[in-house]
Structure formats: C-alpha cells, structure tokens
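Grab a pencil and work through these exercises with the structure open beside you. Try each task before you read its solution.

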Amino acid sequence: MKMISIIVPVYNVVQYLDQCVSSLVHQSYSAIEILLIDDGSSDGSAEICDEWSKKDSRVRVFHTENRGVAHARNIGLTHAKGNYIGFVDSDDWVDIDMYETMMVKLISAQAEVCGSGFVHEYESRSVYPLKTEIEQIMTRDTAVERIFDNTRFKLLDVGVWDKLFSRDVLGSLRFREDIAIGEDMLFFWQAMKRVKTFVYVPLFKYHYRMRIGSAMNSSISEKKITLIIAIKEIMASVAEENVHIRKILEERYCDCMITVARDMVLLDKERYKKDVVHMQQYIRKKLFSILYYPSFSRRMRLGAIYFCLPYWLCASMSDMIKPKTKHDENK
C-alpha cells in the first residue's frame with residue numbers, strides 16, 4: 001500500500017488545530033503519516049502537536065523557530081517518507097475519504113498529480129469558488145492552461161492544499177523561503193514542469209477556513225509584495241511553453257505588477273520608486289493588451305491606466321488607489 005505524507009505547518013492556531021489533525025488521523029486511507037511542523041508557536045499549538053503524536057504513531061512533530069510557512073513545509077518535505085505528498089493548512093480540515101479517493105484516481109489514471117477543488121468556509125456559510133466539471137484526465141499543458149487561467153475557464157487554484165503529488169515529481173523541489181505570498185504558486189508551477197499527466201476529480205473535500213488576519217487577508221505589507229518575485233521567476237521559464245500558456249501567464253504577470261506597484265507606492269513612495277518605475281515601463285508597453293484581457297476587472301484596467309501616468313503624479317495621487325477593505329480573500 002502506497003504511503004501518503006501530509007505536511008501541516010502549524011503557527012498559533014490553537015482554536016483550530018484539533019479539528020485539522022482529527023480530520024487527518026481519521027482518514028479512510030490508513031497508510032499515511034502526518035507531519036506537524038510547529039513554526040515557533042506561542043499559544044499552546046506546540047503542546048497540542050505533541051499530544052497528537054502521543055495519541056497516534058503516524059503523527060510526527062517537528063519544532064522550529066518561526067520562519068514562515070515555506071520553511072515549515074520544506075522541513076516536512078525533507079522528512080517525508082511517503083510515495084505521495086499532500087499539504088494541509090493547520091486551520092483547515094478535510095473530509096475523511098479525500099485522500100483515499102485521490103489515491104484511487106491517481107493510480108487508475110497513472111497520473112503524477114491529482115487536483116480536487118476546495119470549499120471556502122466562512123463563519124456562517126460555505127462558498128464554492130471554483131467551477132465544477134466532470135472528472136477528467138489531462139495532459140500537463142491542458143492542466144496548466146486550466147489552472148493558471150483567471151477567466152471563466154479556470155478549473156482549479158494554484159495553491160497546493162487541494163492536490164496530491166507523486167513524490168517522484170517533487171524530488172528535491174522546495175518552496176522559496178524568501179517569498180511570503182505566491183510561494184505555493186511558484187512551487188506548483190515548478191512541479192508541473194515535471195508532470196506528464198494530471199487528473200481532475202471534483203471532490204471539494206478540502207475545507208479552507210476564511211479568517212480575518214490571515215496572510216492574504218492582512219493589510220498591505222512587505223510580505224505581500226514578495227508576490228512579484230514568484231511571478232518573475234515563473235515568467236523567466238516560459239520560453240518553451242506554447243503560445244496559449246505564455247499568454248495566460250503574461251496576463252497573470254500584468255495583474256501582479258499592477259497590484260504590487262500599488263502596494264509599493266502605498267508602503268513607501270521613495271524606497272520603491274525605482275521598482276515601480278520599472279513596472280510602469282512594462283505596463284505602458286502592454287497597455288493595449290491589458291485593456292482587453294478577459295480576466296481583468298474595470299478596476300484593474302483603471303489601475304493600468306493610472307500607472308501609465310508619470311511616477312510623481314502617481315505618488316501624489318496615491319490616496320486614490322488605497323485598496324478596498326475585504327474579508328473574503330485567500331489566506
């Protein structure tokens with residue numbers, strides 16, 4: 001029986017951790033190991049991890065200083081013994097048959113990665129943010145197109161939590177620890193570079209808790225602008241991709257540039273001036289295309305036009321581009 005390693009970074013989630021781990025130890029697929037990586041928690045989460053390791057021998061705990069989710073996941077990857085690798089956030093939970101179903105589909109399709117979808121869990125409601133299609137086996141290129149596309153054709157998200165990866169595909173691949181937002185997108189892209197076959201199964205058995213104060217829900221910060229590092233690294237490796245994939249990734253790149261340029265101006269006009277001016281040059285060059293990108297909202301198109309203005313004018317008008325308050329973004 002093939003083993004699955006489930007990697008769970010843990011940081012100050014004492015009120016959610018038991019539900020998360022319980023959903024994993026009770027999986028119908030028993031050949032699993034659960035790696036709880038305590039990322040320097042200070043709220044009692046570390047002790048809960050240790051208690052679970054005493055209750056179930058399949059739970060392995062690693063304590064480390066607080067260095068972020070990428071570092072914690074990398075510790076898990078280093079110590080994982082499974083033939084397949086899954087990732088779960090410690091404030092989320094999964095249905096008890098999720099991994100068994102994914103394993104059956106992976107093996108029958110002879111695929112290297114399975115993607116299954118997720119549910120956004122708010123305090124009072126559940127939301128299904130992705131479209132549902134029939135189960136299907138896809139080539140690597142088709143899977144990349146359907147996942148990185150931000151239009152109505154988007155099938156899955158670029159996150160790693162609702163997916164199961166063959167260990168052979170991941171190999172020595174690791175998360176970039178200098179990227180706080182977008183590190184999972186880059187990791188997924190790099191993994192897909194090695195994939196031949198991807199199987200999609202519309203399970204929606206991963207429950208993604210929507211919390212105010214989580215990484216993507218937080219206000220503008222130095223961490224959020226590291227997203228540009230991830231997308232730039234992806235763009236540096238697209239030369240051999242087909243025209244459609246290159247177009248999809250260019251659209252996502254422009255989206256990230258406009259978003260990060262806005263955040264940089266609001267964070268520190270002087271410190272990031274050189275970076276923003278460089279982004280403006282690219283945005284100006286692509287403006288005509290940006291205005292017709294199918295995934296771009298009116299607000300995003302206006303943002304592109306805004307950044308075609310001289311930098312001094314953008315900086316002086318920065319109050320106009322403050323983001324709206326949202327409580328429904330990803331973590």
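Here, buried means under 20% relative accessible area, exposed means over 50%, and partly exposed is in between (1.4 Å probe, protein chains only). You're looking at a predicted model, where local features need pLDDT of at least 70, side-chain atom pairs count only at pLDDT 80 or more, and totals for chains, interfaces and linings use all residues. Residues are numbered from 1 along each chain as its sequence is written, and side-chain values use heavy atoms, with hydrogens and water left out. Helices (H or I, at least four residues) and strands (E, at least two) are DSSP runs, numbered from the N terminus.

**Exercise 1. A salt bridge and its helix**

Work out which parts of the chain the salt bridge between R73 and E183 ties together, and decide whether the two residues are buried or exposed.

Step 1: Start with the rule: a salt bridge is a side-chain nitrogen of Lys or Arg within 4 Å of a carboxyl oxygen of Asp or Glu. The side chains of R73 and E183 pass, at 3.6 Å from N to O.

Step 2: Place the partners. R73 sits in helix 3 (residues 69-79) and E183 in helix 7, so the bridge ties together parts that are 110 residues apart in sequence.

Step 3: Check the cover. R73 and E183 are both buried.

Step 4: Now look along helix 7 (residues 183-192). Here 10 of its 10 residues are buried, including E183, F187, W189 and M192.

**Exercise 2. More salt bridges**

Find the salt-bridge partner of R146 and that of E241, then say which residues share a network with E241.

Step 1: The same rule gives a count of 19 salt bridges. In general, side chains of opposite charge can pair when their charged atoms come close.

Step 2: R146 pairs with E133, and their closest N and O atoms are 2.7 Å apart. This pair links distant parts of the chain, 13 residues apart: R146 is in helix 5 (residues 140-148), while E133 is in the loop between strand 8 and strand 9 (136-139). R146 is buried because its relative accessibility is 15%, whereas E133, at 22%, counts as partly exposed.

Step 3: E241 pairs with K193, with 2.8 Å between the closest N and O atoms. E241 lies in the loop between helix 8 (227-235) and helix 9 (243-267), and K193 in the loop between helix 7 and strand 11 (197-200), so this pair ties together parts 48 residues apart in sequence. E241 is buried, at 7% relative accessible area, and K193 is partly exposed, at 35%.

Step 4: Follow the shared partners, and R140, D141, K193 and E241 join into one network.

**Exercise 3. Strands side by side**

Name the strand order of the open sheet of 4 strands, and find what stands opposite Y84 in strand 10.

Step 1: You need the pairing rule: two strands pair if DSSP finds at least two bridges between them.

Step 2: The open sheet has the order 5-12-7-8, with mixed pairing. Strand 5 (93-94) and strand 8 (126-127) are at the edges with a single partner strand each, so one side of each has no neighbour in the sheet.

Step 3: Look inside that order. Strand 7 (residues 118-121) and strand 12 (residues 206-209) run parallel and are joined by 4 bridges, with H120 partnered by Y208.

Step 4: Turn to strand 4 (residues 84-87), where Y84 and G86 point one way, I85 and F87 the other, and all are buried. Strand 4 runs parallel to strand 1 (residues 4-10), with 4 bridges, and I7 stands opposite F87.

Step 5: Strand 4 also pairs with strand 10 (residues 163-166), in the antiparallel sense over 3 bridges. Opposite Y84 you'll find S166.

**Exercise 4. Checking the cysteines**

Count the disulfides, then find the cysteine sulfur nearest to that of C49.

Step 1: A disulfide is a pair of cysteine sulfur atoms within 2.5 Å. The count here is 0.

Step 2: For C49, the nearest cysteine sulfur belongs to C20, 9.4 Å away. C49 is buried, with a relative accessible area of 0%.

Step 3: C256 is in no disulfide either, and the nearest cysteine sulfur, that of C254, is 9.4 Å away. C256 is buried at 6%.
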